[in-house]
Amino acid sequence: MKKTLMIIGAGASGMFSAFSVAGNQFGYKNNLEIMILDANEAPGKKILMTGNGRCNLCNIDTDESKYYCSDLQFVKNTLDRFGPDDVITAFQQLGITLKNKNGYIYPASMQALTVSRTLISALRILGVTLINNCKVQSISVTQDSTFCLDVSENDKRKQYKADYVIVSCGSNAGLKTNAARELIESLIDLGHTYHPMIPALCSLYADQSDACYKEFFKKVSGVRTEIKATLNNHAHTFSSVGELQITDYGLSGIVIFQISHIASQFINRQKKSCVHLSIDFLPESDPYEMLEFLKSQIGYHKKSLLDLLSGVLNAKLALGLINLYSSICDSDTKPFLKNCTDEQLLKILTFIKNTPFIIKGTNDIYHSQVCSGGIDVSDISKDTLESNRIKHLYFTGEILDVDGICGGYNLQWAWSTGYIAGRSVAGDLAGNIERKSVTNTERGDVKERSATNDSNCSD
Ligand SMILES: Cc1cc2nc3c(=O)[nH]c(=O)nc-3n(C[C@H](O)[C@H](O)[C@H](O)COP(=O)(O)OP(=O)(O)OC[C@H]3O[C@@H](n4cnc5c(N)ncnc54)[C@H](O)[C@@H]3O)c2cc1C
């Protein structure tokens with residue numbers, strides 16, 4: 001009898017797992033029906049948002065060190081089986097030409113639409129059924145060890161039966177709705193450990209209770225610049241180098257996203273009231289070398305402090321930093337000050353290389369790119385991504401408690417886990433079919449033998 005695979009979620013990992021099964025089960029085509037149920041009105045909605053609409057679909061420089069997970073061996077095992085080279089080959093086979101920008105892989109069209117449209121059309125060609133506006137509310141195991149999915153489809157309650165289920169419901173990062181809330185409750189009821197999802201890859205809110213910081217963010221908002229950011233929490237420091245975007249509420253940009261997982265753990269998981277962040281606004285220079293550089297300028301003594309610093313920093317930022325320094329460290333230091341002593345200059349350069357900020361909060365989940373939290377990987381087989389609790393139930397993508405830093409690593413996780421779960425279902429089905437055909441052959445043998453016996457009897 002034909003078996004049914006239900007995939008919950010038509011995001012990157014759900015669609016790729018369907019592709020992985022459907023692309024593999026040519027020999028078993030008559031034995032498996034594949035359906036993807038998605039709460040949204042169209043499949044692949046989040047893919048369209050990725051990489052600012054350009055979809056950074058993986059990164060050549062990928063290994064487990066780019067991820068946060070309680071078991072990095074689990075991540076390594078997954079990436080070893082389907083890494084960036086495999087992603088590149090798969091998408092080329094799907095008909096997409098790719099662009100490599102310093103190791104970051106994009107579709108050559110630089111359109112995320114290329115990726116989602118290609119996946120959807122491949123699935124339709126392979127006979128996968130995609131059902132939209134279908135929110136899975138609960139999943140239960142029936143007496144005959146199959147699954148019953150309670151859904152709300154176009155606002156009508158309905159049930160689907162399935163032999164295999166892949167849970168690819170992702171997170172609500174970047175989305176306005178939390179379609180997976182009830183589904184997660186039923187996964188917990190089935191014995192899985194779930195860590196509540198908190199934002200990761202998100203902007204940070206800076207404390208502006210001090211008027212000088214309020215003024216700084218008001219005046220400097222909109223500036224983008226290369227920095228080194230260091231989060232200090234007790235004995236631990238975490239650093240990242242890259243582009244900062246200053247906003248009216250605080251700090252954003254890739255450099256902040258890269259440390260936001262850690263800040264979020266302290267603030268949202270451990271409920272600390274704040275974390276301390278210091279920014280090096282001149283990450284490529286040593287203060288003594290910079291002092292010599294400033295002093296070597298023509299007309300150095302006649303230049304104001306603002307003129308001097310505007311040569312090495314964004315002018316708006318230079319003004320903001322001098323004012324901040326003046327408020328916090330030395331009220332005599334003003335932007336128009338000329339003829340600074342070496343000592344004065346060195347002090348302000350040291351401040352610019354170590355400017356303190358207090359982080360009071362993170363942006364919310366809907367404005368983050370990924371979440372930290374999800375189903376604990378200790379409940380999942382690292383080889384098949386099948387639940388250790390429930391047979392024939394698999395997990396892919398962001399619903400697992402694994403999140404990557406910025407740079408194509410989260411989609412890589414979606415493709416890798418989608419591939420492995422899909423292959424596992426195909427493998428299990430093949431095993432079943434092989435086992436069945438062996439039994440049939442055995443039965444056939446018996447039949448033949450008894451026919452012979454019959455004929456012997458008639459003799
Ligand atoms: C703005 C933005 C930019 C990003 N850019 C990049 C990037 O360039 N590179 C990168 O690697 N990563 C990027 N990411 C992260 C990446 O998009 C995700 O990690 C990845 O899409 C997760 O895939 P997924 O399949 O696990 O989950 P999702 O993409 O979240 O898909 C889950 C699907 O399940 C559906 N669903 C949920 N609950 C239910 C339910 N109960 N019933 C039915 N359906 C349900 C949802 O509607 C959704 O379609 C970005 C994310 C955002 C928000």
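**Exercise 1. Find the residue of β17 that is the bridge partner of K228, then work out which strands flank β17.**

*Solution.* Start with the pair itself: K228 has D280 as its bridge partner in β17. Keep in mind as you look that this is a predicted model.

Next, place that pair in its strands. β14 covers residues 224-233 and is joined to β17 by five bridges, with the two strands running antiparallel.

Now look for another partner. β17 also pairs with β18, residues 355-362, again over five bridges and in the antiparallel sense. To spot this pairing, go to H276, whose bridge partner in β18 is I358.

**Exercise 2. Sort the residues of β17 into a covered face and an uncovered face.**

*Solution.* Walk along the strand from 275 to 280. V275, L277 and I279 make up the covered face. H276, S278 and D280 make up the uncovered one. You've met two of these already: D280 is the partner of K228, and H276 is the partner of I358.

**Exercise 3. Work out the strand order of the open three-stranded sheet that contains β6, and say which strands sit at its edges.**

*Solution.* The order is β3-β6-β5, with antiparallel pairing. β3 (58-59) and β5 (98-101) are the edge strands, since each pairs on one side only.

Zoom in on β5 and β6. Four bridges hold this antiparallel pair together, with β6 spanning residues 104-107. For a landmark, find N100, which stands opposite I105 in β6.

**Exercise 4. Is V167 buried or exposed, and which residues does it touch from elsewhere in the sequence?**

*Solution.* First, locate V167: it's in strand β11, residues 164-167.

Then count. V167 is buried because it has 30 C-beta neighbours inside 10 Å, and 20 or more is enough to qualify.

Now skip the neighbours within four places in sequence. What's left in contact with V167 is I8, L187, L393, Y394, F395 and I399. For a sense of how the chain folds back, try L400: it is 233 residues from V167 in sequence, yet their C-alpha atoms are 9.6 Å apart.

**Exercise 5. Describe the shell around the ligand: which residues come nearest, which elements contribute, and how do the residues divide by type?**

*Solution.* There are 38 residues around the ligand, and G9, G11, G170, G174 and G397 come nearest.

For the elements, α1 (12-22), α2 (45-49), β8 (134-141) and α13 (409-458) each supply at least two residues. The largest share belongs to α13, with four residues.

Finally, the types: 17 of the shell residues are nonpolar, 16 are polar and five are charged.

Definitions and conventions:
Residues are numbered from 1 along each chain as its sequence is written. This is a predicted model: local features need pLDDT of at least 70, side-chain atom pairs count only at pLDDT 80 or more; totals for chains, interfaces and linings use all residues. Two strands pair if DSSP finds at least two bridges between them. A residue is buried if 20 or more other C-beta atoms lie within 10 Å of its own, exposed if 12 or fewer, and partly exposed in between; C-beta atoms are placed from the backbone. Two residues are in contact if their C-beta atoms, placed from the backbone, lie within 7 Å. A residue is near a molecule or strand if its C-beta atom, placed from the backbone, lies within 6 Å of it. Ala, Val, Leu, Ile, Met, Phe, Trp, Tyr, Cys and Pro count as nonpolar, Asp, Glu, Lys and Arg as charged, and the others, Gly among them, as polar.
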